[in-house]
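Subject: Structure handover

Hello,

Here is the structure I promised to pass on. Please open it first, then read the notes below.

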Amino acid sequence: MGKELEDIRAIREMMEKSSKFLSLSGLSGVFAGCTAMMGAAVAYFYILYQPVDKLVSYVILDAGITLVLAIGFGILFSARKAHKKNQKLVNALTLKLIYNMAIPLLAGGALSLILIMRGQIELVASITLLFYGLALINVSKYTLDEIHYLGITQIVLGLAAALFLYHGLLFWTIGFGLCHIIYGAFMYKKYDLK
């Protein structure tokens with residue numbers, strides 16, 4: 001009986017490895033959250049001391065740099081985890097995950113740019129949180145189940161940011177910063193320290 005259960009566990013583990021992206025590192029979430037909080041702090045202090053006419057271009061630049069750094073940390077720590085487990089980081093499953101995440105992110109990014117061009121920047125924090133949450137829920141079937149709950153959290157924060165329009169930077173900092181740090185630390189402890 002013991003051998004059969006062990007065989008079933010081994011089969012289940014092989015199936016999960018082939019159908020789920022498990023190289024996502026908790027440290028990537030922690031560093032993405034720290035990067036987002038630093039980017040939000042820089043944006044906040046810039047908003048306080050700079051004229052409004054330079055504000056939009058600076059905030060877009062700040063958000064772009066923050067995004068590139070967060071993605072870079074995600075790739076770095078996930079690649080390290082995949083290497084430790086002797087797994088390939090990029091495969092058909094990874095490409096499927098990227099495709100399914102890119103659709104809502106690109107739609108949300110395009111909508112955000114349209115709103116910025118129309119001068120409705122107060123909605124951008126809400127839109128980015130909502131579409132990011134939708135992207136996470138969309139890819140949660142290809143990765144860890146906890147991604148689904150992070151996505152729901154982002155959507156709730158996006159709706160709150162729409163309700164409290166002029167506190168968008170605060171909700172953005174909580175969603176992209178604090179939530180990622182908490183999520184990443186939890187995931188690191190649960191999966192990476194094994």
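What share of the 194 residues in the chain do buried residues make up? The figure is 38%. Please keep in mind that this is a predicted model.

**The fold**

The chain has seven helices and zero strands. Read from the N terminus, the elements run α-α-α-α-α-α-α.

**The salt bridge**

How many salt bridges does a search of the whole structure find? The search turns up one. In it, the side chain of Glu146 meets that of Lys190, at 2.6 Å from N to O. Glu146 belongs to helix 6 (residues 146–163) and Lys190 to helix 7, so the pair ties together parts that are 44 residues apart in sequence.

Are the two partners buried or exposed? Glu146 has 15% relative accessibility and counts as buried, because the cut-off for buried is under 20%. Lys190 is partly exposed, with a relative accessible area of 37%.

**The cavity**

The structure holds one cavity of 30 Å³ or more. About 40 Å³ of space lies in the largest cavity. Which residues line the largest cavity? They are Leu24, Ser25, Gly26, Lys81, Leu144, Tyr183, Met187, Tyr191 and Asp192. Helix 7 (residues 168–192) gives the most to this lining, with four residues. Helix 7 also carries Lys190 of the salt bridge.

**The surface patch**

Which residues form a nonpolar patch on the surface? They are Val56, Ile60, Leu113 and Ile121. Together they have about 290 Å² of accessible area. Take Val56 as one of them. Val56 sits in helix 3 (residues 55–84). Its relative accessible area is 31%, so Val56 is partly exposed. That value also clears the patch rule, because patch residues need over 30% relative accessible area.

**Cysteines**

How many disulfides does the count come to? It comes to zero. For reference, a disulfide is a covalent bond between the sulfur atoms of two cysteines. Two cysteines are worth finding in the viewer. Cys34 is partly exposed, at 33% relative accessibility. Cys179 is buried, at 14%.

**Pairs of residues to look at**

Four pairs follow. Each gives a distance along the chain and a distance in space.

Start with Val139, in helix 5 (residues 124–139). Val139 is buried, with a relative accessible area of 3%. Leu97 is 42 residues away from Val139 along the chain. Their C-alpha atoms are separated by 5.8 Å.

Leu136 is also in helix 5. Leu136 counts as buried, at 4% relative accessibility. Its C-alpha atom is separated by 9.1 Å from that of Asn100. Along the chain, Leu136 and Asn100 are 36 residues apart.

Next comes Leu111, found in helix 4 (residues 92–117). Is Leu111 buried, partly exposed or exposed? At 30% relative accessibility, Leu111 counts as partly exposed. Leu111 and Ile127 are 16 residues apart in sequence. In space, C-alpha to C-alpha, Leu111 and Ile127 are 7.7 Å apart.

Last is Val68, which lies in helix 3. Val56 of the surface patch lies in helix 3 as well. Val68 has a relative accessible area of 58% and is exposed, because the cut-off for exposed is over 50%. How far apart in space are Val68 and Ala32, C-alpha to C-alpha? The distance is 9.8 Å. In sequence, Val68 and Ala32 are 36 residues apart.

**In short**

The chain has seven helices. One salt bridge was found, between Glu146 and Lys190. There is one cavity of 30 Å³ or more. The nonpolar patch includes Val56. The disulfide count is zero.

Best wishes

Notes
Residues are numbered from 1 along each chain as its sequence is written. This is a predicted model: local features need pLDDT of at least 70, side-chain atom pairs count only at pLDDT 80 or more; totals for chains, interfaces and linings use all residues. Side-chain values use heavy atoms; hydrogens and water are left out. Patches are made of residues with over 30% relative accessible area and no salt bridge: like charges are joined within 9 Å, nonpolar side chains (Val, Leu, Ile, Met, Phe, Trp, Tyr) within 5 Å. Accessible areas come from the Shrake-Rupley method with a 1.4 Å probe; for residues, only the protein chains shown count as cover. A salt bridge is a side-chain nitrogen of Lys or Arg within 4 Å of a carboxyl oxygen of Asp or Glu. Helices (H or I, at least four residues) and strands (E, at least two) are DSSP runs, numbered from the N terminus. Buried means under 20% relative accessible area, exposed over 50%, partly exposed in between (1.4 Å probe, protein chains only). A disulfide is a pair of cysteine sulfur atoms within 2.5 Å. On a 1 Å grid over the protein atoms alone, a cavity is a set of points where a 1.4 Å probe fits but cannot get out, and a pocket is an open set with protein on both sides within 12 Å along at least five of seven lines; lining residues have an atom within 4 Å of a point. Grid points are joined across faces, edges and corners, and a volume is the space filled by probe spheres set on the points.
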